[in-house]
Amino acid sequence: MLIRPAEAADWESIWPFFREIVTIGETYCYPDQITSESARSSWMTEAPGITVVAELEGRIVGSARIGPNRDGRGAHVATAAFMVDPRSQGEGVGRALAEFTLDWARTTGYRAMQFNAVVATNIGAVSLWKSLGFEILATVPEAFDHAADGLVGLHIMYRSLLDRPILRSESSMRRVPRG
Ligand SMILES: CC(C)(COP(=O)(O)OP(=O)(O)OC[C@H]1O[C@@H](n2cnc3c(N)ncnc32)[C@H](O)[C@@H]1OP(=O)(O)O)[C@@H](O)C(=O)NCCC(=O)NCCS
């Protein structure tokens with residue numbers, strides 16, 4: 001699998017699965033009726049952030065967006081977002097994108113990565129982020145209107161990038177809770 005910076009022309013490959021994931025209504029706070037143009041301007045980040053795509057056998061199967069979580073004095077903490085084409089989920093694309101993202105953020109000089117709104121019922125994502133060393137700092141109750149489950153929590157998840165290098169073998173490690 002190749003993970004590379006997204007080019008403008010990649011949007012037409014990303015948009016169909018972006019729209020599908022948003023329409024399912026279980027993982028992202030985008031409006032159901034979001035337009036391609038609005039989604040594109042939100043997802044196709046420019047410097048200092050970056051948008052990447054995962055390409056498998058010439059097909060774009062996923063994408064991630066990475067950049068500062070806040071401007072100015074909060075810009076040393078990164079954030080990221082991930083979408084994998086539902087036809088390619090569960091095949092390691094998300095983990096590969098997440099490992100790339102963590103490595104990019106660490107080598108770019110960010111001190112930590114924060115996810116601001118991980119839907120509490122998104123078991124696959126929560127489990128993936130935990131396996132990569134993220135912890136749940138807090139859960140905002142009933143902050144997400146899940147299409148199937150109704151009002152559910154949104155986790156704020158956090159991982160320092162200073163403690164140790166990101167290693168592939170880390171995928172199976174669990175973070176020791178802070179004392
Ligand atoms: C979440 C998402 C990015 C994960 O990508 P993916 O390619 O499906 O995930 P992977 O195949 O790399 O799986 C990685 C890990 O996720 C976990 N996982 C995935 N699906 C799971 C499920 N249904 N139940 C439990 N764990 C699951 C496993 O821990 C798996 O670990 P493994 O590598 O040891 O098998 C992807 O499913 C997606 O785009 N979902 C819709 C949008 C979304 O939820 N984005 C994230 C918002 S926070």
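The legends below describe close-up views of a predicted model of a protein with a ligand.

**Figure 1. Overall fold of the predicted model.** The protein contains four helices and seven strands, and from the N terminus on its elements follow the order β-α-α-β-β-β-α-β-α-β-β. Its radius of gyration is 16 Å, close to the 16 Å that the globule rule gives for 179 residues, so the protein is as compact as a globular protein of that length. The C-alpha trace spans about 45 × 35 × 35 Å along its principal axes, and 26% of the 179 residues count as buried. Among the contacts with a separation of 6 or more, 60% are made by residues that lie 24 or more positions apart.

**Figure 2. The shell around the ligand.** The ligand is surrounded by 20 residues, of which Thr-27, Gln-89, Gly-94, Arg-95 and Gly-124 come nearest. Two or more residues of the shell are given by each of strand S4 (77-84), helix H3 (93-108) and helix H4 (123-131), and the largest share, six residues, comes from H4. By residue class, the shell divides into nine nonpolar, nine polar and two charged residues.

**Figure 3. The largest nonpolar core.** This core holds 35 residues, and within it Phe-82, Leu-97, Ala-105 and Met-113 touch the most other members. The elements that give two or more residues to the core are helix H1 (11-24), strand S2 (50-56), strand S3 (59-68), S4, H3, strand S5 (112-119) and strand S7 (150-160), with H3 giving the most, six residues. In soluble globular proteins, nonpolar side chains tend to be buried together. When neighbours within four places in sequence are left aside, Ala-105 is in contact with Ile-66, Ala-78, Tyr-110, Met-113 and Leu-161.

**Figure 4. Strand S4 and its pairing with S3 and S5.** Strand S4 is mostly covered, with six of its eight residues buried. S3 and S4 run antiparallel and are joined by seven bridges, and in this pairing Arg-65 has Ala-81 of S4 as its bridge partner. S4 and S5, by contrast, pair in the parallel sense over two bridges, where Ala-78 stands opposite Met-113 in S5. Both Ala-78 and Met-113 also appear among the contacts of Ala-105, once residues within four places in sequence are left aside.

**Figure 5. The hairpin of S6 and S7.** Strand S6 (residues 135-146) and S7 run antiparallel and are joined by eight bridges, and a hairpin connects S6 to S7 through three residues. Within this pairing, Phe-144 stands opposite Val-152 in S7. Glu-142, whose place is in strand S6, has a phi near 50 degrees, a positive value in a residue other than glycine. Glu-142 is partly exposed, with 13 other C-beta atoms within 10 Å.

**Figure 6. Backbone geometry on either side of S2.** Most residues other than glycine have a negative phi, and most peptide bonds are trans. A cis peptide bond joins Ala-47 and Pro-48, with omega about 15 degrees, and Pro-48 has its place in the loop between helix H2 (36-43) and S2. In the loop between S2 and S3 lies Glu-57, which has a positive phi of about 50 degrees although it is not a glycine. Why does Glu-57 count as exposed? Glu-57 has 7 other C-beta atoms within 10 Å, and a residue counts as exposed if that number is 12 or fewer.

**Figure 7. Surroundings of Val-52 in strand S2.** Val-52 is found in strand S2 and is buried, with 22 other C-beta atoms within 10 Å. Not counting residues up to four places away in sequence, Val-52 touches Ile-3, Arg-4, Pro-5, Ala-6, Ser-63, Ala-64 and Phe-100. Val-52 and Leu-162 are 110 residues apart in sequence, and their C-alpha atoms are 23 Å apart in space.

How values were computed: Residues are numbered from 1 along each chain as its sequence is written. This is a predicted model: local features need pLDDT of at least 70, side-chain atom pairs count only at pLDDT 80 or more; totals for chains, interfaces and linings use all residues. A residue is near a molecule or strand if its C-beta atom, placed from the backbone, lies within 6 Å of it. Ala, Val, Leu, Ile, Met, Phe, Trp, Tyr, Cys and Pro count as nonpolar, Asp, Glu, Lys and Arg as charged, and the others, Gly among them, as polar. The radius of gyration is taken over C-alpha atoms; the globule rule is 2.2 Å times the number of residues to the power 0.38. A residue is buried if 20 or more other C-beta atoms lie within 10 Å of its own, exposed if 12 or fewer, and partly exposed in between; C-beta atoms are placed from the backbone. Two residues are in contact if their C-beta atoms, placed from the backbone, lie within 7 Å. A nonpolar core is a set of buried Ala, Val, Leu, Ile, Met, Phe, Trp, Tyr and Cys residues joined through C-beta atoms within 7 Å. Two strands pair if DSSP finds at least two bridges between them.
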